[in-house]
Amino acid sequence: MKVCMLAYTFYENDNRVRRYAEALAERGDTVEIISLRRENQSTEEVINGVRVFRIQERVVNERGKFSYFFRLLLFFFNSSFFLLKKSLAYPYDVVHIHTLPDFEVFAAWFPKILGAKVILDFHEIAPEFYANKFNVDDRSIIIKALKLIEKASAHFADQVIFVNHLLEEKLISRSTNKEKCATFINYPGLAFFTAFTGRPTDGRFVIIYPGTLHRHQGVDVAVKAFRLIKDKLPGAEFHIYGEGSAQPGLENLIRELGLSSRVFLKKPLPSSEIVRVIAMADIGIVPKRADSYGNMAFSTKILEFMALGVPVIVSDTRIDKYYFDDSMVRFFKSGDDEDLAEAILDLAKNTENRDQLVENARRYAAANSWEVKKHDYIALVDKLKAGQA
């Protein structure tokens, strides 16, 4: 089988896309990825049996809705033309498109004409994401247009996949039908996210956030919380790995609070490197805001922290309370830096509670690993190709 995946992402950093691609490549399928390129990256590379084509360079610095949309539109045209050329030489059996944007699915128009089956994988919910990112009223004409695009995109696809069950419920209610839907949350691959032993004994207590830097992620709340605990935990440091629209504001906040020697904002690392960095941390934080978007956005990092044996503090969003409970993670009130500071101190000082959370979380991650769930995805692809889905 020949499969192509389109994703407006940096492939080497996107564990969800990599898990799908490598699962198919491992069993002998030909898998190609069309994705973004960082400065000085190669335009073509083979990673674990997957051929990666990086067709467009991107710097994650969009501050306005028009520059953001222009880059998405440019990727759509570039990927559509690239797919056309590739399909003429060697048609694909399946094309798997990862959002955002939803309309990227239409880049597969020519492979679909040639008989390829098209999967649309909703990583995000575009209207809510856009409204949150650019502070747009959800009753605006832009949001209404995005909902129409969402519906048309889902209709064009032969199969729709969702990143969590709450997202599935919402989109079935407004954009698609249940018969063509499936849900795969961001299951960690235990072979990749294996707990490392021997954390550093240098007197530091490292708190970590690895992920995108947008307002809904609430990283500013975590920085403010760190200010409240820094004198009570003299060896504590807060390491932030990521990039995004909130980065300049975070840099200013860190300086204003006088935390430059204790809070470190670092560039994102490839998955193969960040996994070891996370494993060496003492506490992971997922501080999302419980707004219309944050309540629906499942954080990949929670299960990865769990698989690596790192206790995690999570804001009490609807989506995270849907999947997890107090026996696995330490919840705090979303947006409340004082409550987050209290949670950090509690886990830092209560080693027995921390160890119990880690043990329960590891069991949960093992039962919800990609090794267990990937066979369902492979079966779905095979069924789709056979015309039975």
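Contact is taken here as heavy atoms within 4.5 Å. The model described is a predicted one.

One open sheet is built from 8 strands in the order β3-β4-β2-β1-β5-β6-β7-β8, and its pairing is mixed. Strands β3 (44-47) and β8 (181-183) occupy the edges; each has a single partner strand, so one side of each is left without a neighbour in the sheet. On average, neighbouring strands of this sheet are turned by 20 degrees against each other, direction ignored. Within the sheet, β6 (residues 117-122) pairs with β7 (residues 159-162) in the parallel sense, over 4 bridges. Leu 120 has Val 160 in β7 as its bridge partner.

Two helices are placed against strands of this sheet. Helix α6 (residues 165-174) lies across β6, β7 and β8, and runs at about 160 degrees to β8. Helix α14 (residues 370-385) lies across β1 (2-7), β5 (94-98), β6, β7 and β8; its direction is at about 145 degrees to β6.

A further open sheet comprises 6 strands in the order β11-β10-β9-β12-β13-β14, with parallel pairing. Its edges are formed by β11 (263-266) and β14 (330-332), and because each has a single partner strand, one side of each is left without a neighbour in the sheet. Here the neighbouring strands are turned by 25 degrees against each other on average, direction ignored. Strands β12 (residues 283-286) and β13 (residues 312-315) run parallel and are joined by 3 bridges. Val 286 is positioned opposite Val 314 in β13.

Helices also lie across this second arrangement of strands. Helix α7 (residues 219-229) lies across β9 (205-210), β10 (236-241), β11 and β12, running at about 170 degrees to β10. Helix α12 (residues 337-349) lies across β9, β12, β13 and β14, with a direction at about 160 degrees to β14.

Besides its strand contacts, α7 packs with helix α8 (residues 247-256): their axes come within 10 Å and cross at roughly 10 degrees. With angles under 35 degrees counted as roughly parallel, α7 is therefore roughly parallel to α8. On the α7 side, the contact involves Val 219, Asp 220, Val 223 and Lys 224, which meet Leu 250, Leu 253 and Ile 254 in α8. By class, the contact of α7 with α8 contains 5 nonpolar, no polar and 2 charged residues.

Methods:
Residues are numbered from 1 along each chain as its sequence is written. This is a predicted model: local features need pLDDT of at least 70, side-chain atom pairs count only at pLDDT 80 or more; totals for chains, interfaces and linings use all residues. Side-chain values use heavy atoms; hydrogens and water are left out. Two strands pair if DSSP finds at least two bridges between them. Axes are lines fitted to C-alpha atoms, for helices over the stretch in contact, and angles run from 0 to 180 degrees between N-to-C directions. Angles under 35 degrees count as roughly parallel, over 145 as roughly antiparallel, 65 to 115 as roughly perpendicular and the rest as oblique. Ala, Val, Leu, Ile, Met, Phe, Trp, Tyr, Cys and Pro count as nonpolar, Asp, Glu, Lys and Arg as charged, and the others, Gly among them, as polar.
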